[in-house]
Every structure is written in C-alpha cells, then in structure tokens.
Amino acid sequence: MSAIPTTMRAVVLDGPGPLEALQIRNLPVPTPRPGEVLIRVKAFGLNRSELHTRLGLAEGVTFPRVPGIEATGIVASSPGGEFEAGQQVVAMMGGMGRTFDGGYAEYTCVPAAQVIPFTSALDWPTLGAVPEMLQTAYGSLTIGLDGRPGQSILIRGGTSSVGAATAILAKQRDMIVFATTRNPAKADALKQLGVDHVLIDNGEVADQVRRIAPDGVDTALELVGTPTLPDTLRATRIHGVVCFTGMLSNEWLVENFYPIGYLPQGVRLTAYGGDASDLPAEVLQDFLDAAAADRITIPVDRVFTLDQIREAHGYMESGGATGKLVVAL
C-alpha cells in the first residue's frame, strides 16, 4: 500500500442548494479511531438520498457535509484490526453522508460495522454500482417481502438501479417478475434483465397487472413513492404484500392517512429502510461472482469522474437513467 496522503479531494455541500452547491475542495484525510476504517475510495454510486440531501428534503443532515451514503474501495487503515490494509471493501448507510462525511471523496472514514469485504477482479466502476443497490434490493425482497420461488412480484420503478437489482435477484429465485417504466424505449432494457412482463406506467398499472394475473400479484415493491402506492396496492392480491422502499417521486408522506379507506381489504403494507447489516458478505460475493461469470449483468447506466459531479447529479435528477450512475476515482 502506498502512503496515506494528508489531504484529499472531496465534494462538499455547505447547505442545500442547486447543482452549484456541490463544491470540490481539498480536505484533510480523516484519521480513523479504533472501530473505524479508512477507505481509499475507488468508486461510489449516486443515490436519491443524496439528491434529497442537496435539495434540502432529507431530515437529520448536518452541514457542511461530504455527501454519499456508499463507497467502494480499498482499506487504507483499520486501527482496530477488523480489516487488513489493501482489502477490497464496500461501505454504506449508518449515517454516511448525513451525520458524518460520506463517500463523495478520495477517502472516507466509516464505522467498521458498516464495512463488508469482498474479492473481485471486476472493474471499479462496476463494483462501485453494487453496494447500496444490492443491499436495498436484497433487503426489500427478503425482509420486506419474504419473496419465495414461484411467486409473482411487481417492481414499481423497474428501471431504477434498485428496481433492476431486484429483478435480477427475483429471477434468481424463480419468481415471475412484472416491472414498470414510464418510457417505452426502456422496455428492452427490462427484458434483458429477465423481466417477464414489462408494463408502461402512466400512473395506473393495476388493470394491466390484473389482465395478466387476475387475482393480483403476490408481492410488490414500491420504489416511486406515495403518488403510485395506492395503485400498487390495488395490483396486489388479498394477503399479498407491498413493500414501500423508494421515493423516486421525492414524495413519501401520505396525507390524512385513513387505513380502512386507503388499504385494499386484505392487502398487507410494509416498508424497508435497512442497513449494511442486512447484506450478508456471502450475498455480496455471490452477486459479484455471478457478474464475473456473466450469469448476470450489473446495471450501470453511466460513469462519471469526480469533476463531473454536478453533471452526474443533474442527470440523476432528470430521471433519465436506466440503472446505476457511478463516479470513478
């Protein structure tokens, strides 16, 4: 391992604002304490959470702040001995980029509990797409939905990175996958992920679902937010489960919630937020090994440099991506 420098380049938000609020600065490299891990960041994925932070929609964020709820790279220092220097790792959640500085930097210092090791020869931009995408998809599918082989699943927001990862995991479990997109041009991308039924989303897809599955789907993953949640619930069978995980619409509150009027009779609604502890190391390794063997394709839409962070955020905000946006260092 090369010597750890004293300064690093990082993206800093002094407070919520437009794209111009994302400032690249030189900062001191953090010094890890026992129980923390200093990671030399090789790539990081972009997430709606960071967009919410920049737009002032996220709660509990303190400024100034280096955003970024995930990072992928190499252990630079682990004073508590939890990891070896040079080890490949991912880190995510646990307050990253919100209550302490996150992954939008050349180095990030995180609690050891948020770090997961792996070994892979995949390129760093591909690896950088995985941690938060896989953790959220896996947690939603297992903890949120308890998805089982042979069941059907509706993924509302199928071309998002989490939606794409969920489709991959669901097909690995031999589930029947319905997935939505607002853009017909993205239908082929969903088919390539193994989606069985692509639905063009005009705000209502329940009728489309029930033309194929008259009783409704067994499970449904809501990634768009509260504007489409009632329709997703209507697409789900009695005793089926809907998991609310994402807010691509930037809307996550249900005003004047009256459960008896809001929830279709017998349909169960749950939610998933999750943390790094919900992603077992063997699940991460298996996913990467499957990608390396070309059994699955990790959905990366575009790769940016750190200097392109404003362009990357603008593209994320536009909603034009199919899959994950990644910054490679």
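## An exposed glutamate and its loop

Let's start at the surface: Glu255 is exposed, because its relative accessible area comes to 61%, and a residue counts as exposed when that value is over 50%. Please keep in mind as you look around that this is a predicted model. Glu255 sits in the loop that runs between S12 and H8. Its C-alpha atom is 9.5 Å from the C-alpha of Thr226, although the two residues are 29 residues apart along the chain.

Trp252 belongs to the loop between strand S12 (236-244) and helix H8 (259-262). With a relative accessible area of 31%, Trp252 is partly exposed. Together with Leu55, Leu57 and Leu253, Trp252 makes a nonpolar surface patch of about 350 Å².

## The protein as a whole

Now step back for the overall picture. The protein contains 10 helices and 15 strands. Its C-alpha atoms fill a box of roughly 60 × 40 × 35 Å along the principal axes.

How does the radius of gyration fit with that of a compact globule? For 329 residues, a compact globule would have a value near 20 Å, and the protein has 20 Å, so the two agree. Of the 329 residues, 54% are buried.

## Strand S12 and its two neighbours

Strand S12, which leads into the loop described above, has partners worth tracing on screen. With strand S11 (residues 217-222), S12 pairs in the parallel sense over 5 bridges. If you want a spot to look at in this pairing, find Leu221, which stands opposite Cys243 in S12. To get from S11 to S12 the chain passes through helix H7 (residues 229-234), and this β-α-β crossover is right-handed.

S12 also runs parallel to strand S13 (residues 268-271), and 4 bridges join these two. Here Phe244 stands opposite Ala271 in S13. A general point helps when you follow side chains along these elements: in a regular strand they alternate between the two faces of the sheet.

## Strand S15, largely enclosed

Is strand S15 (residues 324-328) largely enclosed or open? Because 4 of its 5 residues are buried, S15 is largely enclosed by the rest of the structure. The cut-off behind that statement is a relative accessible area under 20%.

S15 has pairings in both senses to explore. Strand S3 (residues 36-45) pairs with S15 in the antiparallel sense over 3 bridges, whereas strand S14 (residues 300-304) pairs with S15 in the parallel sense over 4 bridges. Val327 in S15 is a handy landmark: Phe44 stands opposite Val327, and Phe304 also stands opposite Val327. The chain travels from S14 through helix H10 (residues 309-318) to S15, and this β-α-β crossover is right-handed.

## Salt bridges

The structure holds 13 salt bridges. One of them joins the side chains of Asp14 and Arg25, at 2.5 Å from N to O. This pair links distant parts of the chain, with Asp14 in the loop between strand S1 (7-13) and strand S2 (22-28) and Arg25 in strand S2, 11 residues apart. Asp14 counts as partly exposed because its relative accessibility is 46%, and Arg25 counts as partly exposed at 32%.

Another salt bridge brings us back to S11 and S12. Arg237 and Asp218 form it, and their closest N and O atoms are 2.6 Å apart. Arg237 lies in strand S12 and Asp218 in strand S11, 19 residues apart, so this pair too links distant parts of the chain. What does the accessible area say about the two partners? Arg237 is partly exposed, with 25% relative accessibility, while Asp218 is buried at 17%.

## A network that includes helix H7

Helix H7, the one in the crossover between S11 and S12, has a salt bridge of its own. The side chains of Asp231 and Arg234 meet at 3.5 Å, N to O. Both residues lie in H7, 3 residues apart, which is about one turn of the helix.

The two partners differ in their surroundings: Asp231 counts as buried because its relative accessibility is 4%, whereas Arg234 counts as partly exposed at 42%. Asp231 and Arg234 are also linked with Arg156 and Asp201 in a network of salt bridges.

Conventions:
Residues numbered from 1 in each chain as written. Predicted model: local features only at pLDDT ≥ 70, side-chain atom pairs only at ≥ 80, totals over all residues. Heavy atoms only, no water. Patch = residues over 30% accessible without salt bridge, like charges linked within 9 Å, V, L, I, M, F, W, Y side chains within 5 Å. Areas by Shrake-Rupley, 256 points an atom, 1.4 Å probe, with all protein chains shown as cover. Salt bridge = Lys/Arg side-chain N within 4 Å of Asp/Glu carboxyl O. Buried < 20%, exposed > 50% of the residue type's maximum accessible area, 1.4 Å probe, protein only. Pairing = 2+ DSSP bridges. Right-handed = clockwise from strand over helix to strand, strands pointing away. Rg over C-alpha atoms; globule rule 2.2 N^0.38 Å.
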